[in-house]
Amino acid sequence: MTSSQSARQQNGVHYFKQGWTLISLPGIRRFVILPLAVNVLLMGGAFWWLFTQLGEWIPAMMSKVPSWLSWLDYLIWPVAALSVVLVFSYFFSTIANWIAAPFSGLLAEQLEARLTGKPLPDTGIWDIMKDLPRIMKREWQKLAYYLPRALLLFALYFIPVIGQTVAPVLWFFFSAWMVVIQYCDYPFDNHKVSFADMRRSLGSHKIDNMQFGSLVSLFTMIPVLNLVILPVAVCGATAMWCDRYRDVYVKSDVYKNSIDVNATRK
């Protein structure tokens with residue numbers, strides 16, 4: 001058991017590492033299976049196809065670089081390759097999140113009950129299915145927030161030099177922020193916290209949250225590890241919710257801040 005004050009001092013790296021531990025908790029593992037299966041099938045197939053196409057896409061991108069910058073090929077080529085993988089990984093992880101949203105919400109709900117000792121009033125698969133219209137509305141809200149900003153960044157890729165250097169960096173940080181919104185939204189939405197209120201709360205710890213989002217984004221681009229990152233991110237974000245935000249929105253509970261995972265396994 002850790003104190004409330006020390007829990008609030010944890011950074012995004014801590015919650016990312018904690019997510020890997022929490023997915024293996026007894027009683028939680030069965031709720032990991034469905035979002036994990038969705039991610040394995042979709043991301044596995046998508047990345048297999050991507051790596052068969054990179055040989056054509058990267059030369060096409062490099063052809064946009066002016067001839068007078070050809071001496072920078074050794075630097076621009078890996079940045080261009082990284083930008084393709086980054087955009088592709090975020091696109092397909094977003095699709096996976098849409099499909100797995102009800103199961104991810106259930107995982108966040110069950111893990112929160114485990115961490116706090118206080119289950120939500122509505123619990124179980126049937127209650128999640130009844131909430132499906134609200135869950136999908138929430139996914140549309142995230143998409144409406146994401147699309148105009150993503151299109152603006154995508155347009156930068158067509159600007160010579162900027163598209164091969166600055167745009168990938170901006171896209172990475174934007175993707176990291178969207179990852180925070182995507183995965184933290186599950187515990188927030190379970191408590192009917194509005195999308196606008198959630199964004200304001202997450203913005204109050206933006207540096208720590210960006211650490212968490214950046215690590216999840218990086219692991220989304222790594223073959224094999226990206227197959228399991230969805231439930232890991234949900235668990236890490238739920239632990240963050242319990243430590244930093246839950247007592248703001250669930251004031252009636254005397255909330256248990258954290259757990260000793262090793263003691264729970266015994």
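Helices (H or I, at least four residues) and strands (E, at least two) are taken here as DSSP runs, numbered from the N terminus. With that fixed, I read the elements of the chain from the N terminus on, and they run α-α-α-α-α-α-α-α-α-α-α; the chain has eleven helices and zero strands.

**Ground rules.** I note that this is a predicted model, in which local features need pLDDT of at least 70 and side-chain atom pairs count only at pLDDT 80 or more, while totals for chains, interfaces and linings use all residues. Residues are numbered from 1 along each chain as its sequence is written, and side-chain values use heavy atoms, with hydrogens and water left out.

**Whole chain.** I looked up burial, where buried means under 20% relative accessible area, exposed over 50%, and partly exposed in between (1.4 Å probe, protein chains only). Buried residues make up 50% of the 266 residues in the chain. I then looked up contacts, meaning heavy atoms within 4.5 Å: of those in the chain with a separation of 6 or more, 78% are accounted for by residues 24 or more positions apart.

**Record.** In UniProt, an unreviewed entry places the feature "transmembrane region" at residues 31–51, 71–92, 143–163 and 209–234. I keep in mind that UniProt positions are given in the numbering used here, that feature names are shortened, and that annotations may be inferred rather than shown by experiment. I checked the span 209–234 in the model, where the end C-alpha atoms lie 13 Å apart and the span is 69% helix and 0% strand.

**Nonpolar cores.** I searched for nonpolar cores, each a set of buried Ala, Val, Leu, Ile, Met, Phe, Trp, Tyr and Cys residues joined through side-chain atoms within 4.5 Å. The largest has 56 residues, and those with the most contacts inside it are I181, Y183, F188, L202, F212 and V216. Two or more residues of this core come from each of helix 2 (12–22), helix 3 (29–62), helix 4 (73–116), helix 6 (132–156), helix 7 (166–190), helix 8 (195–203), helix 9 (206–220) and helix 10 (229–249). Helix 7 supplies the largest share of this core, 13 residues. Apart from it lies another core, of five residues, among them M43, A46, L50 and F92.

I followed F212 further: leaving aside its neighbours within four places in sequence, F212 is in contact with G12, Y15, F16, A233, G236, A237 and M240.

**Helix 10 and its partners.** V232 lies in helix 10 and, at 1% relative accessibility, counts as buried. Which residues does V232 touch, not counting residues up to four places away in sequence? I find F16, G19, W20 and I23. The C-alpha atoms of V232 and W20 are separated by 5.4 Å, although these residues are 212 residues apart along the chain.

I made a similar check on L115, which is found in helix 4 and is buried, with a relative accessible area of 4%. The C-alpha atoms of L115 and C242, 127 residues apart along the chain, are separated by 7.6 Å.

**A buried lysine.** K142 has its place in helix 6, and at 2% relative accessibility I count K142 as buried. Not counting residues up to four places away in sequence, K142 touches M178, I181, Q182, D185 and F195.

**Cavities.** I ran through the cavities, each a set of points on a 1 Å grid over the protein atoms alone where a 1.4 Å probe fits but cannot get out, with lining residues having an atom within 4 Å of a point. Grid points are joined across faces, edges and corners, and a volume is the space filled by probe spheres set on the points. A search of the whole structure finds six cavities of 30 Å³ or more, and the largest cavity has a volume of about 70 Å³. A101, G105, R134, I135, R138, E139, D185, Y186, D189 and N190 line the largest cavity, with two or more of these lining residues given by each of helix 4, helix 6 and helix 7. The lining divides into three nonpolar, two polar and five charged residues, where Ala, Val, Leu, Ile, Met, Phe, Trp, Tyr, Cys and Pro count as nonpolar, Asp, Glu, Lys and Arg as charged, and the others, Gly among them, as polar.

**Backbone.** Most residues other than glycine have a negative phi. K192 has a positive phi of about 60° although it is not a glycine; K192 is found in the loop between helix 7 and helix 8 and, at 48% relative accessibility, counts as partly exposed.

Conventions
1 Å grid on protein atoms, 1.4 Å probe; cavity = no way out; pocket = protein on both sides within 12 Å on 5 of 7 lines; lining within 4 Å.
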